[in-house]
Amino acid sequence: MFTQILWWTANFAEVLLLARSIQGKFFRRYPSFYFYLGSVLIVSLLRFAVFTFRPGSYPAFFWYTQYFAATVGYAVILEIYSQTFKRYRGVVRIANALLLFILAAVILKIVAGAVSGSGWPPGETMAALERDMRALQSVLLFVIIALLAYYKVPIGRNVIGIVGGYSFYVATSVMALGFGSLPGFGSRPAWRSALPIAYLAALMIWSFALWSYHANPEPGPESKIERDYKYVSEQTRRILSRARSYLKMGGEL
Amino acid sequence: MIQWLPYFFLGLLLLAVLAWWVWDAIVHRRTAELLTPRHLLDLRQVGSRRDLGDRIFGPQDWDFVLRETPSQIQRVFHRERTVLALAWLRRTRTQTSQVMSAHVAVARNTEHLQIGMELKLALSYVLFLILCNSLIGWVWLRGPVRTRKIVRQTLQWVASQRAAFGRLMAVVDPANHRVLETGFNQGTTQS
């Protein structure tokens with residue numbers, strides 16, 4: 001009964017969000033995010049149809065569509081990346097470098113596993129596969145959020161909501177799937193409820209943040225600042241290294 | 001059983017950085033404020049308090065209290081000086097954070113950003129914060145009088161940092177630098 005309530009509430013929230021974006025004409029501003037939301041809604045309705053008319057096929061269908069939803073989730077990360085960094089050329093350079101490094105590390109791990117034969121530990125179940133996909137999403141989101149926080153990139157309420165809601169859902173998914181995909185834990189109902197609850201919480205965040213359109217703030221004038229980056233970074237480096245050396249000397253006294 | 005731990009910590013790490021970012025976005029919502037004249041006025045006030053650190057950590061007051069007052073007064077003095085010292089150290093930490101904020105405001109917009117330099121600065125800043133927070137913990141545990149040798153070194157750094165910060169602000173915001181410069185010159189800078 002509780003699961004049913006969660007399921008219908010989530011569907012209602014998704015329909016509301018999509019309707020609101022169409023009414024306010026801002027679905028074009030965040031196309032990948034609304035594509036994700038629409039896909040999840042369709043998947044959810046398909047699951048309901050399969051559960052009602054072909055209950056025997058439901059478990060397999062559930063995990064295949066869950067895998068699909070996790071894949072489409074990368075579109076949200078792409079949306080976050082493009083919305084947050086596109087106007088900040090300095091941050092986009094750092095972000096590109098770090099994300100390429102992560103991609104290279106994943107590819108290297110797969111290739112090394114294929115060559116040695118020990119392999120990337122393959123997902124024994126669909127849950128384990130989804131867990132690994134969510135873990136990679138977590139790393140990508142971690143890098144993006146850390147850069148947003150470190151460089152104090154000003155962003156609007158809509159994008160704050162998308163980042164906050166999706167990151168919360170992914171973080172909860174990784175923990176729940178990591179715990180739930182262990183042998184012996186799969187049948188426990190507690191971890192199965194964690195995902196719908198986390199998703200509903202994400203939907204609540206999105207409903208609040210995306211009720212109306214809020215553009216990202218424009219970056220300020222930069223012509224003078226642009227020219228002096230080398231000088232400023234050298235000054236900052238000097239200040240920090242001196243600060244550290246003094247404090248270290250102090251510690252030795 | 002141990003195999004779920006990395007996933008658990010990964011999720012926890014993402015939640016932690018998310019909480020930090022949301023808190024920071026709310027508290028420091030107006031990042032452009034860094035370069036406004038009002039903010040520079042605050043920094044001028046910081047500059048004029050250079051002697052405060054010398055007085056808080058200096059031996060003169062403590063020697064006098066030790067010589068002339070009973071132990072009860074000494075305890076009160078020690079407690080109050082600890083509070084003052086902690087506030088002063090936190091102010092020092094804030095000054096360095098302002099330098100970093102000025103830097104990231106420049107760096108995030110420039111296409112000439114050097115990734116190696118940025119990583120070095122980030123690491124250096126994190127190490128500084130660790131050291132500064134350790135010092136705060138040390139003062140909190142042992143009091144400012146017993147920690148004065150350590151803090152004397154910090155005082156030298158604050159003076160040099162203030163001068164360097166003045167030069168930095170002269171580049172970033174030359175229009176308001178004169179106001180700031182006057183404030184800095186009230187203290188004794190030792191680079």
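Trainee: Which residue just after H1(A) takes a positive phi?
Mentor: This is a predicted model, so the angle is computed from predicted coordinates. The place to look is just after H1(A), and the phi there is about 55°. The residue is A:Lys25.

Trainee: How far apart are the end C-alpha atoms of helix H1 of chain A?
Mentor: Helix H1 covers residues 2–23 of chain A, which makes 22 residues. At 1.5 Å a residue, the helix should span 32 Å. The computed distance agrees with that expectation, at 31 Å.

Trainee: Within what arc do the buried residues of H1(A) fall?
Mentor: The buried residues of H1(A) include A:Leu6, A:Ala10, A:Leu17 and A:Leu18, and among them are also the polar A:Asn11, A:Glu14 and A:Ser21. Seen down the helix axis, the buried residues line one face of H1(A), because the arc that holds them is 160°.

Trainee: Which residues are exposed on the other side of H1(A)?
Mentor: Exposed here requires over 50% relative accessible area. On the side of H1(A) away from the buried face, the residues that count as exposed are A:Phe12, A:Ile22 and A:Gln23.

Trainee: Is A:Ile107 buried, partly exposed or exposed?
Mentor: A:Ile107 sits in helix H4 of chain A, residues 89–116. Buried means under 20% and exposed over 50%. The relative accessibility of A:Ile107 is 46%, so the residue counts as partly exposed.

Trainee: What is the area of the nonpolar surface patch that A:Ile107 helps to make?
Mentor: A:Ile107 shares the patch with A:Leu100, A:Leu103, A:Val111 and A:Val115. The patch made by these residues has an area of about 490 Å².

Trainee: How many helices does chain A have?
Mentor: Chain A has zero strands. Read along the sequence, its pattern is α-α-α-α-α-α-α-α-α. The number of helices is nine.

Trainee: What share of the residues of chain A count as buried?
Mentor: Chain A has 253 residues and exposes about 12600 Å². Carbon and sulfur atoms supply 70% of that exposed area. The share of residues that count as buried is 47%.

Trainee: In chain B, what percentage of contacts between residues at least 6 apart in sequence join residues at least 24 apart?
Mentor: Chain B has eight helices and zero strands. Of its 191 residues, 46% count as buried. For the contacts in question, the percentage is 80%.

Trainee: What part of the area exposed by chain B do carbon and sulfur atoms supply?
Mentor: Chain B exposes about 10300 Å². The part supplied by carbon and sulfur atoms is 60%.

Terms used:
Residues are numbered from 1 along each chain as its sequence is written. Chains are lettered from A and ligands numbered from 1 in the order in which they are written. This is a predicted model: local features need pLDDT of at least 70, side-chain atom pairs count only at pLDDT 80 or more; totals for chains, interfaces and linings use all residues. Side-chain values use heavy atoms; hydrogens and water are left out. Helices (H or I, at least four residues) and strands (E, at least two) are DSSP runs, numbered from the N terminus. Buried means under 20% relative accessible area, exposed over 50%, partly exposed in between (1.4 Å probe, protein chains only). Contact means heavy atoms within 4.5 Å. Accessible areas come from the Shrake-Rupley method with a 1.4 Å probe; for residues, only the protein chains shown count as cover. Patches are made of residues with over 30% relative accessible area and no salt bridge: like charges are joined within 9 Å, nonpolar side chains (Val, Leu, Ile, Met, Phe, Trp, Tyr) within 5 Å. A salt bridge is a side-chain nitrogen of Lys or Arg within 4 Å of a carboxyl oxygen of Asp or Glu. The expected span of a helix is 1.5 Å times one less than its number of residues. The arc is that of the directions from the helix axis to the C-beta atoms.
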